[in-house]
Structure formats: C-alpha cells, structure tokens
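This report looks at empty spaces, helix packing and a sheet in one protein model. Please keep the sequence and the structure in view while reading.

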Amino acid sequence: MKIAVIGAGYVGLITAAGLAEIGHQVICVDDDTRKIEVLNSGGMFFYEPNLGDLVKRNQGAKRLEFISQVEVALEKCPVIFICVGTPPLENGDADLSSLELVARRISEHARGYHLVIEKSTVPVQTGRRLQKHFGTYGNNPLFQCDVASNPEFLREGSGVEDFFHPDRIVVGVDSERAAGLLEEIYHPLLRQSFACPVHENCGNRPRVPFVVTDINSAELIKHASNSFLAMKISFINMVADLCEAVGADVEKVAEAVGMDRRIGAGFLRPGVGFGGSCFPKDLQAFVRVGRNSGCDFTLLREVERINQSRIDLFIKKIKDELWVLRGKRIGVWGLAFKPRTDDVRFSPSLAVIRRLLAEGALVRAYDPQAMEKAKAVVPEIEYCSDAYAAAEGAEALLALTEWEEFLRLDLTKVFQIMARPLILDGRNMFPRARMAAHGFEYVDIGRGSPARKHLQMVP
Ligand code: UDX
C-alpha cells in the first residue's frame, strides 16, 4: 500500500521505517529540510537502537523515501499517518497547532479518497475536530476522507522492537472501509508473519490482538495507558518511602505485589521518578481533558505531585550526606531520562543537576549517549569523556540513569579515584552487597535503612 507518514520525529520515523519493512511503499514528509537532508544522506539525528539500520535498509530497497513537499506525498498516497509533535502548552493542554496545519494542507492538496490516521498522542475528541475540519475546509468535491485514530505505544530505547512486537494494535474508526484498510496495513504485524529485522530467532510468535473501537475511545486508550503506568510508578515510589522509613525492602515488596496477575510486574521500579517526552505531558494533558469534561482527576494530580517530589527527596538525601553543597564536586552518571536513548526531555537527572547548580555545587557528568543533547540545555556543567572521569575527585557520585555500561565499571577503580567513596543511587541499579563489598558508602531508594548505617549494625 502507498502510505504517507507526516512528521519525521521519533514516532514518524519508526512508523515509516517499520511500515516499509513490512512491505509498504512509504513516503515520509517533514517541513524541516535539514532533517530530510540528514536522512537522505544516510544520517540520523537522534539515538535509537536498530532504527538507523532499518531506515537505511528500506531506503536501499526503495520502499522508503524522505521529502519535504507534502503535496507530492498526498498525490501518491491514499493513506496518511499524522505523526507530528503535540507538545504541552503552558496550561498543560496539548498544542495541536502542528496537527491543524497538516490538516489544512491535506484539505488544500488532497484529491480522491484518503484515510487520515492520527498517530500523534492527542486529547480525546481530536478526531472529531479533524472530521469537522475536513467537512468545513475540504471543499473540493473530489476530496473524500475517513479519519481514524491509531495510537502508538512505542517506548524510547525499544521503539523498533515495540513496533514489530506490539502488545496490541488499537484503531479507532467510524467506517468499515477505514477498519478494513488499517487491518490490511497491519496484517503482517497482526499475524507476526514477517521476517523480524531485530531478533534472529523469534519464530512462533502469537498473533497480536487488533482492537477496533470508536475514535474517541482509541484516543482515550493512549492517555489512559500512559497515565496508568505513571500511576504505578508514583505508587511504588510512595511505597518505597515507607519501606525506607520502616526498614523494609521495596524490591521484595514490588516483586511479590507484581506477581499478582491483576497487577503485573512492570513499572514498579522506584527511583527519582518518571520523565521523558510522554508521561509528564500525557499526564498533564489527561488531567486537562478530565477537567474540561467536568470529571474529577485529582488522582492523577497526586501522581504528578509525587513524581515532582522525588527530586526534592533525592536532593535531601544528598544534603543529608554532604551537608552544604556549595563548592562540592559531585559526579553524575546518566543524563538521559532513561537508558538506551539520548533524550533528555523532562529528565529527572537534569532536574537534580539544576538543583545542585542552584546550590553552588560543581557538577561533572557523563552519559553514554545524551551528552550532546544535555549540553544544549545545561551548558554550565562539565561533561566528561567517560564514567571514571565523572567520578574522579568527587565527594559524591549520583547514579541517575541505569545504563548497562555503569554495571560493568571497575568499582575498585571508582572507589580509589573518588575523594569520598559515596554513591547515591537514584535508580537502585547496583546490588547493595556489591557496593558494601567494595567499601562504598551507598544510599539507595526504599531498600531498607540507608545501607551504610544498616551495615554498621551487622556484627
Ligand atoms: C512511554 C510509554 O511506555 C509508551 O508506551 C508510550 O507510547 C510513550 O511513553 P517512554 O516515555 O519511552 O514510553 O518510556 P518508559 O519506558 O515508559 O519510561 C518512562 C519513564 O518512567 C522513564 O523516566 C523511566 O525511567 C520511568 N520508569 C519506568 C520508572 O521510574 N519506573 C519504572 O518502573 C518504569
């Protein structure tokens, strides 16, 4: 099928390359000509495992092209995925101006039948507005369209895997024609009948559920899913605080709680809180949707509040150890909001760093992928060439993104080069026993009383 994907951002690129990989002819469009140039010269402008290879292979096979003229794509493709950004406005509402602009262009240039699919995360009833827009502005008698919602559930760092092996594919439609087209588009994924480009041996995969709903419900499923996951994280963070206060181990608690199939094991890792381009913005937008619809979403406000207070709590832990921060040299491991990405948007690590800077601390940081992006928003810290350099001479080391690389470090060396061998682990990434064996003072989150004091009690 000939498909246009509008927006070559994170979601658009994975969608475009993924659809090309399963056999479609895809044109990916972006206004940003620099982006298009980079992609057409074999480059990539953000880090995402497996994506660069996928893009190149499909460009090589002539199934995927990048252009900046939307009218060219509209002329050739009856199916349009809208994947433009919907960032938060000051008041928490989603900014839908890019989406509206795309809708205008479609109504100006499209001829014949088109299926317009919103993949960007949008508040409920956006599909209705799009329909109304096309009803009002799509005044060319030769233009006909169906609107559909097809929310993405792609996690940064494993977005390509998530595209090929989704838990479900949700489509919100109001015509059989739209449902039929979407089923045809996703047929290879639903049957898992394609050669997987990510895993060598992942045969015998179960079919993927295809959930067909009305458009409003599909839009709501995305916000509800992300808000629920954010709620799980804030919940376990709240429990972690209690564990710390009473001397229980949140890891054991989360493990056993998560064994209940009604709850599930995922998203019960405590730490400095959730960040990224989705959870904070989706939560805010969902709260606004609730308020605008006259529904009480206080529950989600609490989820947000708990998440924000994770930073205060972590700063308090640092101060409990270091007392005054002014002039102290503090190392930071991890800047991205989570591992396997270079994205620093709403990164808890940067939130901690900004607070340290405000208190006059000297911060030296390292991240395997996110340093360039971090430099653009927090230029005033020192960026180090590796994890050891960030630890050197530090009076405390903060572990804030759980990159695998940090687990493989030579901790004996880290111990020797630090001015004070104190590690505050905001992601519980190191086993306590290992840190104790190396002689570190080690502060983590919710795994009982602070390790150092706990160890002193051991005879
Ligand atoms: C999320 C959703 O998972 C995805 O389905 C959606 O489409 C986009 O938003 P993403 O933002 O990439 O994906 O990251 P995710 O893996 O969900 O993690 C979000 C944040 O929560 C990260 O900061 C992560 O560190 C934090 N987190 C996650 C926790 O603090 N504890 C957990 O147990 C899980």
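## Cavities

The second largest cavity has a volume of about 40 Å³. The model in which this cavity is found is a predicted one. In general, rolling a probe the size of a water molecule over the atoms shows where empty space is left. For this model the count comes to 2 cavities of 30 Å³ or more.

Which residues line the second largest cavity? They are Glu 118, Lys 119, Ser 120, Thr 121, Val 122, Ser 149, Pro 151, Ala 218, Glu 219 and Lys 222. Helix H9 (residues 215-246) supplies the largest share of this lining, with 3 residues.

The largest cavity also has a volume of about 40 Å³. Its lining consists of Thr 86, Pro 88, Gly 92, Asp 93, Ala 94, Thr 121, Val 122, Pro 123, His 223, Lys 281, Asp 282 and Ala 285. Here the largest share, 3 residues, comes from helix H11 (residues 279-292). Thr 121 and Val 122 appear in the linings of both cavities.

## A pocket

The second largest pocket has a volume of about 1,000 Å³. A total of 43 residues line this pocket, and those closest to its centre are Gly 9, Tyr 10, Val 84, Gly 85 and Arg 345. Helix H1 (10-21) and helix H5 (97-109) each provide at least two lining residues. H5 gives the most, with 4 residues.

The table sets out the three linings by residue class.

| Space | Nonpolar | Polar | Charged |
|---|---|---|---|
| Second largest pocket | 19 residues | 11 residues | 13 residues |
| Largest cavity | 5 residues | 4 residues | 3 residues |
| Second largest cavity | 3 residues | 3 residues | 4 residues |

## Two helices in contact

H9 and H11 were named above for their parts in the cavity linings. At what angle do H9 and H11 pack? The angle is about 115°, and the two axes are 9 Å apart. The crossing of H9 past H11 is left-handed.

On the H9 side, the contact is made by Leu 220, Lys 222, His 223, Ala 224, Asn 226, Ser 227, Leu 229, Ala 230 and Ile 233. On the H11 side, it is made by Phe 279, Asp 282, Leu 283, Ala 285 and Phe 286. By class, this contact has 9 nonpolar, 3 polar and 2 charged residues.

Some of these residues also line a cavity. His 223 of H9, together with Asp 282 and Ala 285 of H11, belongs to the contact, and these three are among the residues that line the largest cavity. Lys 222 of H9 is part of the contact and is one of the residues lining the second largest cavity.

## The sheet

In general, strands of a sheet pair through backbone hydrogen bonds, either parallel or antiparallel. In this model, 6 strands form an open sheet with parallel pairing, in the order E11-E10-E9-E12-E13-E14. Strand E11 (382-383) and strand E14 (441-443) are the edge strands, each pairing on one side only.

Strand E9 (residues 329-333) and strand E10 (residues 362-366) run parallel and are joined by 5 bridges. In this pair, Arg 329 stands opposite Leu 362 of E10. Helix H12 (residues 298-322) packs on the sheet, where it touches E9, strand E12 (396-399), strand E13 (422-425) and E14. The direction of H12 makes about 165° with that of E13.

## A loop residue

Where is the place of Arg 205? Arg 205 lies in the loop between helix H8 (176-191) and strand E8 (210-213). Not counting residues up to four places away in sequence, Arg 205 touches His 165, Gln 192, Ser 193, Phe 194 and Cys 196. Arg 205 and Phe 46 are 159 residues apart in sequence, and their C-alpha atoms are 30 Å apart in space.

Conventions: Residues are numbered from 1 along each chain as its sequence is written. This is a predicted model: local features need pLDDT of at least 70, side-chain atom pairs count only at pLDDT 80 or more; totals for chains, interfaces and linings use all residues. Side-chain values use heavy atoms; hydrogens and water are left out. On a 1 Å grid over the protein atoms alone, a cavity is a set of points where a 1.4 Å probe fits but cannot get out, and a pocket is an open set with protein on both sides within 12 Å along at least five of seven lines; lining residues have an atom within 4 Å of a point. Grid points are joined across faces, edges and corners, and a volume is the space filled by probe spheres set on the points. Ala, Val, Leu, Ile, Met, Phe, Trp, Tyr, Cys and Pro count as nonpolar, Asp, Glu, Lys and Arg as charged, and the others, Gly among them, as polar. Axes are lines fitted to C-alpha atoms, for helices over the stretch in contact, and angles run from 0 to 180 degrees between N-to-C directions. A crossing is left-handed if the near helix is turned anticlockwise from the far one by less than a right angle, and right-handed if clockwise. Contact means heavy atoms within 4.5 Å. Two strands pair if DSSP finds at least two bridges between them.
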